[in-house]
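Colleague: I am new to this structure, so please choose a single part and take me through it closely, together with whatever surrounds it.

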Amino acid sequence: MGNITIKDIARLADVGIATVSRALNNSGTINEETKKKILDIASKYHYIPNSNARNLKVSQTQNIALLVKGISNPFFADMMKEIQRQVNLRRYSLIIQQVDDETNELDVAMELIMSKKICGIIFMGGTYNHPEEELIRLNIPCVLTTITLAEKQNSEFFSSVVIDEVKESKKATDYLLSLGHTKIVFLAKSPFVPNTTGNMRLKGYEEALLQAGLKFDPSLVGDCEYTPSSGYSAMNRLFSKHKDVTGIFAGADTIAIGCAKAALTSGRRIPEDVSIIGFDGIETAEYFNPSLDTISQPGIDMALSSINLLFDLINGTGKNEHITYQAVLLKRGSCSLAPVYK
């Protein structure tokens with residue numbers, strides 16, 4: 001067998017890739033018998049570590065990379081500023097790289113590691129569901145922030161700073177239900193496939209309805225981009241099909257702003273005729289008229305935790321950790337008791 005990989009060794013030893021990595025790097029806790037088995041296989045098949053990965057620490061500079069999916073999202077703006085400030089305070093340089101939704105961020109990361117000799121990465125936005133061997137090959141500290149993680153993702157090789165998307169979306173829907181709304185629409189970006197942000201927030205919406213004894217109606221779900229214009233168009237389509245809607249849960253504040261305009265344009269009053277709640281807690285939603293209720297994520301705190309985790313890993317003073325923050329329901333005046341129609 002030529003060019004044997006960590007994945008090959010894991011298969012031959014009938015263990016996980018994480019276990020192989022610990023054995024080869026003589027780190028972490030591992031059974032001595034298992035460790036010997038792995039090392040024997042590596043020796044038998046002449047396993048050679050990736051030379052680029054082995055030499056990275058020697059050639060690394062004081063460069064940090066911030067890879068962002070959805071860089072135009074207003075919620076990310078303050079987080080990016082805080083990350084930039086914290087990196088500057090530590091006299092490091094920050095390289096900000098936009099990553100398209102269809103692009104594999106780990107490929108982009110590897111290119112930056114080789115060309116810019118970065119010593120740490122923060123991934124922001126999107127969904128992470130890559131095989132663990134792809135992350136192992138980066139061989140530098142990584143923090144995933146505001147990213148939706150696959151449920152069975154091996155979290156041993158990275159740190160994360162997130163919120164519970166399902167729980168917080170259920171909180172928003174529960175709030176509308178508590179006000180007496182039963183005809184509630186939900187809007188977010190499709191496809192609603194497992195582990196995407198839109199799907200996780202849809203799941204919270206569904207769970208709240210079912211818990212309240214209401215049947216989930218797919219026709220009350222609107223597909224749109226995370227922009228006001230797209231939210232406006234999607235809400236108009238929903239109003240044309242469901243004129244009796246009284247509650248709107250928008251999967252992002254940017255969508256909520258568009259929904260609010262659609263409601264006002266149609267002659268509906270907010271919150272007398274229709275209640276609206278968004279998600280994220282961006283400043284613009286507060287200054288819309290009326291100010292929009294929202295599920296506010298603690299973006300600055302999440303940014304600070306991401307930086308602290310990353311530099312602890314770079315300095316060898318910490319280990320990978322996973323932090324889940326609580327979001328806050330902000331009541332600003334765009335939700336009220338459901339109207340009673342005779």
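Modeller: Let us start from Asn195, which lies in the loop between β8 and α9; helices (H or I, at least four residues) and strands (E, at least two) are DSSP runs, numbered from the N terminus. The model is predicted, so local features need pLDDT of at least 70 and side-chain atom pairs count only at pLDDT 80 or more, while totals for chains, interfaces and linings use all residues. Residues are numbered from 1 along each chain as its sequence is written, and side-chain values use heavy atoms, with hydrogens and water left out.

Asn195 has a positive phi of about 80 degrees, although it is not a glycine, and with a relative accessible area of 14% it is buried (buried means under 20% relative accessible area, exposed over 50% and partly exposed in between, with a 1.4 Å probe and protein chains only). The loop that links β8 (184-188) to α9 (197-211) also contains Pro191, and Pro191 is joined to Ser190 by a cis peptide bond whose omega is about 5 degrees.

Turning to the strand that leads into this loop, five of the five residues of β8 are buried, so β8 is largely enclosed by the rest of the structure. Its two faces are both covered, with Ile184, Phe186 and Ala188 buried on one side and Val185 and Leu187 buried on the other.

β8 pairs in the parallel sense with strand β10 (residues 247-250) over four bridges, where two strands pair if DSSP finds at least two bridges between them. In that pairing, Gly247 of β10 is the bridge partner of Ile184. With strand β9 (residues 221-223), β8 pairs in the parallel sense over three bridges, and here Leu187 stands opposite Gly222. The chain passes from β8 through α9 to β9 in a right-handed β-α-β crossover, meaning that, with the strands pointing away from the viewer, the path from the first strand over the helix to the second runs clockwise.

Leu187 also has a place in a wider setting, as it is one of the residues that touch the most other members of the largest nonpolar core, which has 67 residues; Ile83, Tyr205, Met235 and Ile248 are the others. Such a core is a set of buried Ala, Val, Leu, Ile, Met, Phe, Trp, Tyr and Cys residues joined through side-chain atoms within 4.5 Å. Helix α11 (residues 253-265) gives this core its largest share, seven residues.
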